[in-house]
Amino acid sequence: MKRRWISLLAAATLVFGMCIADPMAGTAAPLEADAEGFVAGSCSLTVYPEDPDKEEADRFGEDLAGAGVVVDLYRIARAVKTPGYDTYHYELMPGYDLDIPGADGNQGGSNQPFAGSWEALAQQAAAIVLDENSPGTPVTGSGVPTGSRIEGLDAGMYLMVARGSNLTDVSDYKMEIRQKDEAIGEESVRIATIANSEQHSYAFLPQLVSLPAKQADADGVVNTANPGDWIFDMAVNLKPERLSRYGSLEIVKTLSEYETMGGIQESATFVFEVTGRLNGEVVYSNVESITFTAAGQESVVLNRIPAGAEVTVTEVYSGSSYELTVPGDRTAVIGADSVVSVEFENEYDGRRTNGHGIKNQFVYDEEAGRWNWYSSPAQDAAGNQGEPPAGSRNE
């Protein structure tokens, strides 16, 4: 399973982002049981990608729509009519060893777990259905785009799993997220699923929904024993967390000839300025260099550039004795989780001048809580750490 560690400011951002239920149709009639004692009647569920009543500035809108979110439903338990009461309890489906409150059929009791229990149950169920070695099978009719009505659902408890329509293998859309509750200073690791737009990833926590349901009471508690009509046709809103996506840029430099002075080769350094713009704003700015000690080809990769950004690469220093074979800037558009390349070629201009460069780089050591100074080529100077460690460049 892929692991994506996401540090959130508060666990409530995602943990308590449970779907909000809205009735589409209800009935004042009491529940009826079929011949086997299960709640009779057909239910439907419509899942929207986000709450349409959010403030305009907080909506993800077209970008979220471009992520192609679909919802898989997994039936966790059946709804058993509780004799003598207008309510029901749960009977677990095969393969789900979950501790669901109310599954023991207590007469007239509350069948709805409190919020924290809902979340824990959803995580337990998700671990079962999203097992990469033996994934669960969604119910017939699910796996449709958000906003579509899923009909013909038997009464019971369902796990909702949102994912990108183009992500079909569990390993592609199942992630782990790390959440930190600043109030108590504790971290937790939870299963989440994702959908991707060109510029963002949307993370969803699997959630449970019970059909049919009742409206929440004055305290916001949803309970099958609440007064009011039974809602067989439900609409719910997801609450995704949006994360930026990044890509990489490779600068490829070819040096067709190399300057020598009396048979002695001196290093030649070429400097590049990189600027990335997205929606008219500068979102990335960096200066990079490539050093040669012989003719040939060298390259450098710059990471964590926002996806969708158009980058402009300018060779601001071409060595003391070299010139570009094709003058001008190079441009490219950064793709998420991919590497795009731009190429420059220089040739010796015939002048005999000595010149070289040194690149200084400062890398923060999180464990030591300090900045370390590296140079390439390494300088023999106090405080210098020598060549930067592998993997530290432009991370």
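## Strand β14 and its partners

How many bridges join β14 to strand β23, and do they run parallel or antiparallel? In this predicted model, eight bridges link β14 to β23 (residues 339-348), and the two strands run parallel. One pair to look for here is Thr-254, which stands opposite Glu-345 in β23.

β14 also has strand β19 (residues 296-306) as a partner, this time antiparallel and through nine bridges. Here Ile-251 stands opposite Val-300 in β19. β14 itself spans residues 246-255 and is mostly covered, with seven of its 10 residues buried.

## Two nonpolar cores

The largest nonpolar core holds 58 residues. Within this core, Leu-45, Leu-73, Ile-76, Leu-153, Leu-159 and Met-160 touch the most other members. Strand β3 (residues 69-81) supplies the largest share of the core, seven residues. There's also a second, separate core of 25 residues, with Leu-255, Ala-268, Phe-292 and Val-342 among its members.

Leu-159 is a handy place to start browsing the first of these. Setting aside residues up to four places away in sequence, Leu-159 touches Asp-72, Leu-73, Tyr-74 and Ile-76, along with Ala-122, Ala-125, Ala-126 and Val-129, and also Pro-206, Gln-207 and Leu-208.

## A buried arginine

Is Arg-163 buried or exposed? This residue of strand β7 (residues 156-164) has a relative accessibility of 12%, so Arg-163 counts as buried, the cut-off being under 20%. A polar atom of the Arg-163 side chain lies 3.1 Å from the backbone oxygen of Leu-167.

Beyond its neighbours within four places in sequence, Arg-163 is in contact with Gly-68, Val-69, Val-70 and Asp-72, and with Thr-168, Tyr-173, Ile-194 and Ala-195.

## Two open sheets of four strands

One open sheet follows the order β8-β9-β10-β13, with antiparallel pairing. β8 (174-181) and β13 (241-244) sit at the edges with a single partner strand each, so one side of each has no neighbour in the sheet. On average, neighbouring strands in this sheet are turned by 45 degrees against each other, direction ignored. Strand β10 (residues 200-204) pairs with β13 over four antiparallel bridges, and Ser-201 has Leu-243 as its bridge partner in β13.

The other open sheet to look at has the order β18-β17-β20-β22, again with antiparallel pairing. Its edge strands, β18 (281-292) and β22 (330-333), each pair on one side only. Neighbouring strands here are turned by 20 degrees against each other on average, direction ignored. Strand β20 (residues 310-317) and β22 run antiparallel and are joined by four bridges; Val-313 has Arg-330 as its bridge partner in β22.

## How far to trust it

Averaged over the chain, pLDDT is 81, and 74% of the residues reach 70 or more. Among the elements of the chain, β22 has the highest mean pLDDT, at 97, while helix α1 (residues 12-15) has the lowest, at 27.

Two stretches call for some caution. Over residues 105-114 pLDDT stays under 50, though the model has 27 contacts for them beyond four places in sequence. Residues 391-395 also stay under 50, with 18 such contacts in the model. Where pLDDT is low, the predicted coordinates shouldn't be read in detail.

Notes: Residues numbered from 1 in each chain as written. Predicted model: local features only at pLDDT ≥ 70, side-chain atom pairs only at ≥ 80, totals over all residues. Heavy atoms only, no water. Pairing = 2+ DSSP bridges. Axes fitted to C-alpha atoms, helices over the stretch in contact; angles between N-to-C directions. Core = buried A, V, L, I, M, F, W, Y, C linked by side-chain atoms within 4.5 Å. Buried < 20%, exposed > 50% of the residue type's maximum accessible area, 1.4 Å probe, protein only. Contact = heavy atoms within 4.5 Å. Polar contact = N/O pair within 3.5 Å; in protein donor to acceptor, adjacent residues only side chain to side chain. pLDDT = per-residue confidence, 0-100.
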